[in-house]
Amino acid sequence: MGSNAGAGSGEFHMYRQARRREQMRLERIDELDKQQREQQEKQARREELEAVELSKTAKRRAKRQRKKEKASASKRSKTGAAGSQDDEPEEEHHSSPATDAMPEVVLD
């Protein structure tokens, strides 16, 4: 007897089809897993680069501020004590003349 003893003529083809479907399913699962890992790695890399970028930005901002303060101090020392009062912004009253002239509207 041959290798097909006890099996019908269509059994082998059904087995191959079922095996192929299972192999395709496993390949899809592996592909989805691979995509998820790549996305997680990209996200982690993006967050790391963003943190480094924010750190560099803060460092540069601090450097600009120090430079600005140094220039301001230098300007004050050149102009004397009278010039220091002009460099400081007024923080007492910050309303514009247009808003002061508008009448208050009361709704009943």
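## Exercises: charges along a helix

A negative surface patch brings together E27, D30, E31, E38 and E41. Patch members have over 30% relative accessible area and no salt bridge, and like charges are joined within 9 Å. This is a predicted model: local features need pLDDT of at least 70, side-chain atom pairs count only at pLDDT 80 or more, and totals for chains, interfaces and linings use all residues. Residues are numbered from 1 along each chain, and side-chain values use heavy atoms, without hydrogens and water.

**Exercise 1.** Place E38 in the structure and classify its exposure.

*Solution.*
- Step 1: E38 sits in helix α1, residues 11-79. Helices are DSSP runs (H or I, at least four residues), numbered from the N terminus.
- Step 2: Its relative accessibility is 39%.
- Step 3: Buried means under 20%, exposed over 50%, partly exposed in between (1.4 Å probe, protein chains only). E38 is therefore partly exposed.

**Exercise 2.** Compare the span of α1 with the expected one.

*Solution.*
- Step 1: α1 has 69 residues.
- Step 2: The expected span is 1.5 Å times one less than the number of residues. That gives 102 Å.
- Step 3: The model reaches 101 Å from first C-alpha to last, close to expectation.

**Exercise 3.** Find the salt bridges and explain their spacing.

*Solution.*
- Step 1: Look for a side-chain nitrogen of Lys or Arg within 4 Å of a carboxyl oxygen of Asp or Glu. The count is 2.
- Step 2: R25 pairs with E22 at 2.8 Å, N to O. They are 3 residues apart in α1, about one helical turn.
- Step 3: D33 pairs with R37 at 3.3 Å, N to O. These two lie 4 residues apart in α1.
- Step 4: An α-helix has 3.6 residues a turn, so residues three or four places apart point the same way.

Key:
Patch = residues over 30% accessible without salt bridge, like charges linked within 9 Å, V, L, I, M, F, W, Y side chains within 5 Å. Areas by Shrake-Rupley, 256 points an atom, 1.4 Å probe, with all protein chains shown as cover. Lys, Arg positive; Asp, Glu negative; His and termini not counted. Charge placed at Lys NZ, Arg CZ, Asp CG, Glu CD.
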